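Let's take a friendly walk through this model, moving from packed helices to strands and then to paired charges. Keep the 3D view open as you read.

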Amino acid sequence: MVIFVAKKNGKKKKKNNKKKNLYFVITAIVLIIIAAALTIYVVATNKKGDNTEIAYTELIREIGDGNVEKVEMTTGSTTVKVKLKDETDERKCIVPNTQAFVELIQSKVEDGNNIELNQKKPNVFITIFSNLFTLLPTILLVVLFVMLFKLQGLGDKSKVYDTETTKSKITFGDVAGLDEEKQEMIEIVDFLKNPDKFYEMGAKIPRGVLLCGKPGTGKTLIAKAIAGEANVPFISMSGSEFIEMFAGLGASRVRKLFEKAKKIAPCIVFIDEIDAVGSRRTSGSGAESENNQTLNQLLVEMDGFDTEETIIVLAATNRPEMLDKALLRPGRFDRQINIALPDLNGREAILKIHAKDKKFAENIDLKNIAEDTAGFSGAELANILNEAAIIATINKHNAITNKDIEDATKKVTIGIEKHSRVVSEKDKKLTAYHEAGHAIVSSQLETQKDIKEVSIIPRGVAGGYTMYKSNEDKYYISKTEMEEKLVSLLGGRAAEKIALNDISTGASNDIEVATQIAKDMIVKYGMSDDLGPIYIDTEKDPYELQLFGEKFGDAVGAEVKIMIDNAYVKAQKLILNNMDKLNKVAEALIEKEIISAEEFQDLIRE
């Protein structure tokens with residue numbers, strides 16, 4: 001989330017913070033007073049907490065026998081204290097009828113029994129706190145709700161945006177790898193800077209622009225850049241900030257947001273993670289009803305722009321399929337821009353931007369790094385360079401080396417290297433054959449990537465890993481490639497079975513990934529010869545399979561099993577045909593723990 005705040009806003013926020021602190025203090029004082037009152041009441045009523053009780057029938061018998069020395073009672077109370085002649089401590093008794101009890105004592109006194117009867121008036125202080133104690137749960141609930149509403153009110157008031165917002169320092173020059181997307185954004189900047197020329201032509205300014213893309217692709221960065229280029233006020237909120245536990249506050253915040261935007265137009269309203277507030281409406285109650293109200297208010301506000309109000313709503317999400325259709329229609333979000341993962345040139349440009357303030361060794365080639373990071377987002381590339389700088393600093397290097405960048409890439413993609421983990425010789429051998437199986441099988445498949453590194457050093461949750469060269473941007477994957485990917489994934493399990501005559505849990509993730517790929521091939525990509533080109537998404541609709549008949553689900557499961565079984569058979573054949581290579585690679589891994597691409601090629605070369 002991006003927030004641009006003026007200096008005056010800072011003073012307002014400090015005042016609001018002081019008010020919040022004041023309310024917290026008041027809440028604490030009230031609770032302390034209630035706790036003190038409760039303590040006083042308990043102490044006052046139980047200052048002789050070791051008093052034993054006596055049954056009323058037993059008390060009557062003791063009175064009749066003349067064993068009662070003193071009776072003490074409080075007007076209005078059914079609890080009396082009695083002192084027996086043979087006991088030093090007083091005892092308590094619950095009297096069902098105090099008037100009848102007093103008359104009984106008086107009659108015994110008249111008959112000659114020496115019973116001292118003390119009747120006291122109630123203590124006002126104790127009576128008050130006794131009543132407060134009875135009402136304590138109600139008082140606590142009232143205080144709690146009052147303070148929560150006060151704090152919510154302050155939180156709502158704190159989301160005020162001043163017209164004197166600071167200028168964004170980010171421009172389109174800071175955005176790399178998104179040339180086509182930037183061109184779309186340049187048009188929006190032109191709308192904001194020169195709206196009159198569009199009005200004269202009869203064109204309407206887009207109400208909203210939805211930025212879609214995977215996390216880390218630069219959606220928020222583009223929004224900041226638009227604000228910097230257009231030099232207009234930029235109001236930013238996260239979708240989750242609209243949602244509160246109290247009904248109606250989300251809709252209220254939407255109204256206040258757009259009221260402010262209308263006052264400072266032309267401006268940009270940016271809503272990050274809009275799927276938190278813009279997801280499909282339901283007929284549910286409670287929190288779902290609050291979401292519906294907030295979304296309805298957002299729809300109304302986006303429809304309520306006057307044509308002369310130059311307000312553009314930018315929103316970002318990585319789950320556009322979750323959004324309500326009413327939000328996506330023309331007139332609300334007129335444009336949807338998909339922010340894709342950067343290609344080779346885009347990755348190199350992104351690396352150049354993030355490399356500006358870092359020291360690199362002379363032999364560092366950012367293009368080589370870009371070639372080895374196909375499929376990485378801009379945020380991941382920035383993270384790799386940052387981790388490389390940290391590693392170089394820890395290792396006391398004068399500049400970032402290629403080794404630092406390789407270690408950073410492994411750390412980000414696989415996890416931290418765990419040299420301290422104690423691995424038994426049996427597990428070490430099993431891991432070596434497992435990873436060697438992946439490497440050998442992949443090297444025999446035409447469509448699979450070249451081996452970059454094989455290791456049995458634990459990293460993250462993995463006991464070992466096989467890294468592949470990712471030097472090609474792929475936009476489409478063929479059926480043959482996916483089938484061979486299944487074979488490659490099951491190569492580790494096949495090597496365990498054949499070389500060690502046993503299998504382990506080490507292949508669990510491989511099997512999970514392979515099963516998912518097989519399912520996607522059938523129900524998403526239509527690659528089954530028997531079931532044909534169909535698309536089924538059971539995540540959206542769990543009952544979608546039933547549209548094709550009761551036995552269709554069984555047919556899908558059978559197809560998945562056939563694909564997995566065929567891949568496993570092929571993996572075992574490749575292992576059997578290359579046992580010498582498998583043993584060489586596994587033995588090298590046991591000895592060295594890690595082998596490079598060159599070492600691997602030397603081992604498998606006949």
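A crossing of two helices is called right-handed if the near helix is turned clockwise from the far one by less than a right angle, and left-handed if the turn is anticlockwise. Keep that in mind as you look at this structure, which is a predicted model.

A good place to begin is a pair of helices, H19 (residues 508-523) and H20 (residues 552-577). In general, two packed helices are described by the angle between their axes and the distance between the axes. For H19 and H20 the angle is about 125°, and the axes lie 9 Å apart. The two helices are therefore oblique to each other, and their crossing is right-handed. On the H19 side, the contact is made by Ala514, Thr515, Ala518, Lys519, Met521, Ile522 and Val523. H20 contributes Val556, Glu559, Val560, Met563 and Ile564. Sorted by class, this contact has 9 nonpolar residues, 1 polar residue and 2 charged ones.

Now turn to a second helix pair, H21 (residues 579-592) and H22. Their axes come within 9 Å of each other and cross at roughly 140°, which makes H21 oblique to H22. Which hand does the crossing of H21 and H22 have? H21 passes H22 in a right-handed crossing. From H21, the residues that take part are Lys581, Lys584, Val585, Ala588 and Lys592, and they meet Glu599, Phe600, Leu603 and Ile604 of H22. This contact divides into 5 nonpolar and 4 charged residues, with no polar ones.

H22 also leads us to a sheet. Three strands make up this open sheet, in the order E12-E11-E13, with antiparallel pairing. E12 (465-468) and E13 (594-596) are the edge strands, each pairing on one side only. From one strand to the next, the twist averages 10°. Helix H22 (residues 597-604) packs on this sheet, where it touches E11 and E13, and its direction makes about 85° with that of E13. Within the sheet, E11 (residues 451-455) is joined to E12 by 4 bridges, and the two strands run antiparallel. Which residue of E12 is the bridge partner of valine 454? Threonine 466 is that partner.

Earlier in the sequence, strands E2 (residues 68-74) and E3 (residues 79-84) pair in the antiparallel sense over 5 bridges. One of the bridge pairs is glutamate 72 with lysine 81 of E3. E2 and E3 form a hairpin with 4 residues between them, and glycine 76 in the turn has a positive phi of about 90°. E3 also takes part in another hairpin, which joins it to E4 through 6 residues. Here 4 bridges link E3 to E4 (residues 91-94), again in antiparallel fashion, and threonine 79 has isoleucine 94 of E4 as its bridge partner.

Finally, consider the charges. As a general point, side chains of opposite charge can pair when their charged atoms come close. How many salt bridges does the structure hold? There are 18. One joins the side chains of aspartate 275 and arginine 319, at 3.2 Å from N to O. Aspartate 275 lies in helix H9 (residues 275-278) and arginine 319 in the loop between strand E9 (311-317) and helix H11 (325-328), so this pair ties together parts that are 44 residues apart in sequence.

Terms used: Residues are numbered from 1 along each chain as its sequence is written. This is a predicted model: local features need pLDDT of at least 70, side-chain atom pairs count only at pLDDT 80 or more; totals for chains, interfaces and linings use all residues. Side-chain values use heavy atoms; hydrogens and water are left out. Axes are lines fitted to C-alpha atoms, for helices over the stretch in contact, and angles run from 0 to 180 degrees between N-to-C directions. Angles under 35 degrees count as roughly parallel, over 145 as roughly antiparallel, 65 to 115 as roughly perpendicular and the rest as oblique. Contact means heavy atoms within 4.5 Å. Ala, Val, Leu, Ile, Met, Phe, Trp, Tyr, Cys and Pro count as nonpolar, Asp, Glu, Lys and Arg as charged, and the others, Gly among them, as polar. Two strands pair if DSSP finds at least two bridges between them. A salt bridge is a side-chain nitrogen of Lys or Arg within 4 Å of a carboxyl oxygen of Asp or Glu.
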